[in-house]
There are 4 protein chains.
Amino acid sequence: MVDVTGATSESKRTKKDADVGGIGAGQLRSFVERIERLEEEKKALSGDIKEVYAEAKGNGFDTKIMRKVISIRKLEDAERQEQESLLELYMAALGMVPQQAAE
Amino acid sequence: MVDVTGATSESKRTKKDADVGGIGAGQLRSFVERIERLEEEKKALSGDIKEVYAEAKGNGFDTKIMRKVISIRKLEDAERQEQESLLELYMAALGMVPQQAAE
Amino acid sequence: MVDVTGATSESKRTKKDADVGGIGAGQLRSFVERIERLEEEKKALSGDIKEVYAEAKGNGFDTKIMRKVISIRKLEDAERQEQESLLELYMAALGMVPQQAAE
Amino acid sequence: MVDVTGATSESKRTKKDADVGGIGAGQLRSFVERIERLEEEKKALSGDIKEVYAEAKGNGFDTKIMRKVISIRKLEDAERQEQESLLELYMAALGMVPQQAAE
DNA sequence: GCTCAAAAGTGCAGCC
DNA sequence: GGCTGCACTTTTGAGC
C-alpha cells in the first residue's frame with residue numbers, strides 16, 4: 001500500500017490512521033476537511049452570485065453588460081490599489097510615513 | 001452617450017441616479033454591489049484555502065498530492081450526485097414520482 | 001503599423017509574405033492553416049454526433065437520458081484515470097519508478 | 001430495476017440485453033458507442049491543436065495573438081458566408097441559379 | 001426565447 | 001523567471 005498522507009515522510013511505518021507514514025494522518029484529514037469546507041462555501045457563494053444575476057435579469061437588466069461593468073470596476077480598483085502602493089513606495093523612499101494606511 | 005444601465009430602456013431620460021434609462025439605476029447599483037460583496041467573500045475564501053495549504057506544507061505535507069486527493073474526492077462526490085440525478089431521471093421515465101422532492 | 005505575425009521580431013522589415021517581421025510569415029500561415037483545418041474536423045465531428053443523437057431520437061430513444069448516461073460513463077472514466085495518476089504520484093513520492101509508462 | 005435504455009417504452013418487459021424495455025438495448029448500445037467514439041476523436045483533435053500551438057510557440061510565435069487572428073478569420077468567414085447566403089437568397093428570389101458554389 | 005450545460009479562452013500558481 | 005498545468009471565467013450550443 002502506498003502512503004496516502006501525501007506527506008514527505010521517511011519512516012513509512014504505516015501504523016494506524018492516527019499516524020501514517022510517520023506524520024499525523026489525523027492532521028492531514030483535518031487539513032483536507034478544512035479545505036473542502038472552504039471550497040463548499042465558495043461554491044455556495046457562486047450560487048448566490050448566480051441568483052443575484054438571475055434576479056437582475058428578472059428586473060430587466062442585461063447581465064452580460066453587468067458582468068462587463070463589474071469586471072471594469074474590478075480592473076479600476078486594481079489599478080487604484082496599484083497607484084496607492086506606488087504612492088506608498090514613493091513616500092517610503094522619501095522617508096515619509098503614511099497618514100493612515102487603509103486597513 | 002450610451003446606456004450604461006444595461007436595461008432595455010427606450011426612453012433614456014437620464015433624470016438622476018435613482019432613475020436612469022427608465023429603469024432604476026439605484027436598483028442596478030444595488031445588484032452590482034451585492035455581487036461585488038459576494039465576490040469579495042469568495043476571494044477571501046480563496047485566500048483562506050491558500051493559507052490552509054501553506055500551513056499543511058509547513059507541517060510536511062505534499063500539497064500537490066493533497067490537491068490531487070481533494071480533486072478525486074470531488075470527482076467521487078460529483079459521480080455520486082450524478083447517480084442520484086440519474087435515478088430520478090429513470091424514475092421519471094418510469095412514471096414514478098419521487099417520494100419527497102428535496103427542497 | 002503593428003506586427004501581425006505575433007512573432008517576437010525586432011526588425012519589422014515587412015518585406016513580403018514569405019518573411020515578415022524577421023520571422024517566417026509562411027511558417028505562421030502554415031500553423032494557422034493547420035489549426036483551422038483541425039478545427040474544421042472537430043466541427044464536422046460535432047455535426048456527426050448531433051446526427052447520431054437525431055437518429056437515436058428517431059428510433060424512439062430519449063436523448064436526454066442518453067446524454068446523461070454518456071456523461072456518467074465519461075465521469076467514471078475520468079475517475080479511473082485520476083486514480084491511476086494518483087497512484088503514479090504516490091509511487092513517485094516513494095521514489096518508485098513506473099514499471100512501464102504506457103505510451 | 002429501472003429501464004436503462006432511455007427509451008420511451010410503455011411495456012418494460014426487461015427481458016435481456018438485446019431487448020430491454022420493449023426497445024432494442026443493443027441498438028442503444030450501438031448509438032452510445034458511436035457517440036463515444038466520435039467524442040474521442042474530437043478530444044484527439046483538441047490535443048492535436050494544442051500540439052500545433054506548442055510547436056508554433058517553439059518557433060517564436062505568440063500563441064495568444066495567433067488565437068486572436070484565428071478567431072477573427074473565423075468571424076470574417078462567418079460574415080462572408082452570411083453575405084453569400086444572402087446573395088443566393090436574392091438570386092433565388094430573382095429566379096437565377098447559382099453558377100457554382102465558390103470552393 | 002430563455003436556461004442550462006459543455007467547451008474554449010484566459011489568468012494564475014506552482015515548479016524547474 | 002519562463003513554462004506547464006490547473007482553476008476560473010466566458011462563450012457557445014443544445015434543449016425545453
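A: Let's start with a definition: Asp, Glu, Lys and Arg count as charged; Ala, Val, Leu, Ile, Met, Phe, Trp, Tyr, Cys and Pro count as nonpolar; the others, Gly among them, count as polar. Keep in mind too that this is a predicted model.

Q: Thanks! By class, which residues does the surface near DNA strand F have?

A: Six charged residues, with no polar and no nonpolar ones. By name, DNA strand F is surrounded by A:Lys42, A:Arg67, B:Lys42, C:Lys50, C:Lys64 and C:Arg67.

Q: Which atoms of DNA strand F come within 4 Å of the protein?

A: Look at the sugar and phosphate: they account for 100% of the DNA strand F atoms that come within 4 Å of the protein. You can pick out two of these approaches on screen. The side chain of A:Lys42 has an N or O atom 2.8 Å from a phosphate oxygen of DNA strand F. For B:Lys42, a polar side-chain atom sits 3.5 Å from a phosphate oxygen of that strand.

Q: And what surrounds DNA strand E?

A: Here you'll find A:Lys57, B:Lys57, B:Lys64, C:Lys42, D:Lys64 and D:Arg67. Sugar and phosphate again make up 100% of the atoms of DNA strand E that come within 4 Å of the protein. By class, the surface near DNA strand E has six charged residues, no polar ones and no nonpolar ones.

Q: How many Å separate a phosphate oxygen of DNA strand E from the side chain of A:Lys57?

A: The gap to an N or O atom of that A:Lys57 side chain is 3.3 Å. Chain D joins in as well: an N or O atom in the side chain of D:Lys64 is 3.2 Å from a phosphate oxygen of DNA strand E, and a polar side-chain atom of D:Arg67 is 3.3 Å from one.

Q: Now helices. What span should helix α2 of chain D have?

A: Count along the helix axis, residue by residue. Helix α2 of chain D covers residues 63–93, and because its 31 residues advance 1.5 Å each, it should span 45 Å; the C-alpha atoms at its ends are 44 Å apart, which agrees.

Q: What do I look for at the two ends of α2(D)?

A: At the start, follow the side chain of D:Asp62: one of its oxygens comes within 2.9 Å of the backbone nitrogen of D:Lys64. After the helix comes D:Gly95, with a positive phi near 75°.

Q: Which residues of α2(D) are buried?

A: First, a general idea: an α-helix has 3.6 residues a turn, so residues three or four places apart point the same way. In this case, D:Thr63, D:Met66, D:Ile70 and D:Met91 are buried. What covers the buried residues of α2(D) includes α1 (25–58) of chain C and α1 (25–58) of chain D.

Q: How do I read burial for a single residue, say C:Glu82: buried or exposed?

A: Compare its accessible area with the cut-off: buried means under 20%. C:Glu82 has a relative accessible area of 19%, so it is buried. This residue lies in helix α2 (residues 63–93) of chain C.

Q: What does C:Glu82 touch?

A: Leaving out residues up to four places away in sequence, C:Glu82 touches B:Lys68, B:Ser71, B:Ile72 and B:Leu75. Two polar contacts are there to find. One joins the side chains of C:Glu82 and B:Ser71 at 3.0 Å, and another links the side chain of C:Glu82 to that of B:Lys68 at 3.4 Å.

Q: C:Thr63 lies in helix α2 of chain C; what is it in contact with?

A: Neighbours within four places aside, C:Thr63 is in contact with C:Tyr53 and C:Lys57. At 14% relative accessibility, C:Thr63 counts as buried too. For a contrast, try B:Arg67 in helix α2 (residues 63–93) of chain B. B:Arg67 is partly exposed, at 49% relative accessible area.

Q: Finally, how many residues of chain B are in contact with chain A?

A: 35 residues of chain B are in contact with 35 of chain A. The buried area between these chains is about 3,400 Å², and carbon and sulfur atoms give 69% of it. B:Phe31, B:Ile35 and B:Phe61 supply 18% of the area chain B buries against chain A, more than any other three residues.

Q: What about chain A by itself: how many helices and strands are there?

A: Chain A has two helices and zero strands. Of its 103 residues, 24% count as buried. Among contacts in chain A with a separation of 6 or more, residues 24 or more positions apart account for 3%.

Key:
Residues numbered from 1 in each chain as written. Chains lettered and ligands numbered in written order. Predicted model: local features only at pLDDT ≥ 70, side-chain atom pairs only at ≥ 80, totals over all residues. Heavy atoms only, no water. Near = heavy atom within 4 Å. Polar contact = N/O pair within 3.5 Å; in protein donor to acceptor, adjacent residues only side chain to side chain. Helix = DSSP H or I, 4+ residues; strand = E, 2+ residues; numbered from the N terminus. Expected span 1.5 Å × (residues − 1). Buried < 20%, exposed > 50% of the residue type's maximum accessible area, 1.4 Å probe, protein only. Contact = heavy atoms within 4.5 Å. Buried area = accessible area lost by both parts, 1.4 Å probe.
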